[in-house]
Amino acid sequence: MKHKKKITELLDREAIRDCLYRYCRGIDRADEGALRSSYWPDARDNHGAYSGSAEGFIEFALGVFKTGPRNIHQITNILIEFSSPEKAAVESYFAALQRAPDKAGTLSQALICGRYCDLFLKKGGDWRIAERTVVYDLVEEQILAAASETEQFGRRQPIGASCPDDPVYAIRKTAFLQEDESEA
């Protein structure tokens, strides 16, 4: 019985990590479905300039990141502490390179590092964020390159895009189409 409990805990840890990675895809690709699948509907998010419902944060984030500039969120040092089989305190370090237009439409870029301090709950077998507080450890405003993206990337193509235009969605479609065909 002890082994079964350990295996369940390992599976739960992996499910929590998958949720964190879905959040990163959701925010970076402006993927509404991925973002929504990271939070419980009644979740709360204290996210710097935004503090309120996760629903409100998702709308806020999509409004900023659907505008086109690419963002990169990376998560490391994920510490998961279970208080019960259905509840966990999770601390994840992040580094985010964010581009967004200001009110005048001028694009700015910042490197932001910090930690996501999350309360995760397991409901119906799924782990999602119930409460999030973002702790900021570093903010560095950066100067954008003067060269156009075409000049910067050159032959390095394709470049990242929002959902559904990013290449990852074509790969996912192919993978799931092949899976459906093999089951037929």
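These legends walk through several views of one predicted protein model. Residues are numbered from 1 along the chain as its sequence is written, and side-chain values use heavy atoms, with hydrogens and water left out. Because the model is predicted, local features need pLDDT of at least 70 and side-chain atom pairs count only at pLDDT 80 or more, while totals for chains, interfaces and linings use all residues.

**View 1. The whole chain combines five helices and six strands.** Here helices (H or I, at least four residues) and strands (E, at least two) are DSSP runs, numbered from the N terminus. Following the sequence, you meet them in the order α-α-β-β-α-β-β-β-β-α-α. The C-alpha atoms fit a box of roughly 60 × 45 × 25 Å along the principal axes. Of the 184 residues, 33% are buried; buried means under 20% relative accessible area, exposed over 50%, and partly exposed in between (1.4 Å probe, protein chains only).

**View 2. Strand β1 has a partner in β2 and another in β6.** Two strands pair if DSSP finds at least two bridges between them. Strand β1 (residues 39–47) runs parallel to β6 (residues 126–142), with four bridges joining them. One residue pair to look for is Y39 with its bridge partner I129 in β6. With β2 (residues 50–53), strand β1 runs antiparallel, again through four bridges, and D45 stands opposite G52. Two residues separate β1 and β2 in this hairpin, and G48 in the turn has a positive phi of about 65°.

**View 3. The largest nonpolar core contains 31 residues.** Such a core is a set of buried Ala, Val, Leu, Ile, Met, Phe, Trp, Tyr and Cys residues joined through side-chain atoms within 4.5 Å. I16, Y23, Y39, V90 and F120 have the most contacts inside this core. Elements that each supply at least two of its residues include α1 (2–28), α3 (54–65) and β4 (87–101). Zoom in on Y39: leaving aside neighbours within four places in sequence, Y39 is in contact (heavy atoms within 4.5 Å) with Y23, D45, A54, F57, I58, R128, I129 and R132.

**View 4. R44 sits in strand β1.** Is R44 buried, exposed or partly exposed? R44 counts as partly exposed because its relative accessibility is 46%. Although R44 and E131 are 87 residues apart along the chain, their C-alpha atoms are separated by 4.8 Å. Beyond neighbours within four places in sequence, R44 is in contact with G52, S53, A54, A130, E131 and R132.
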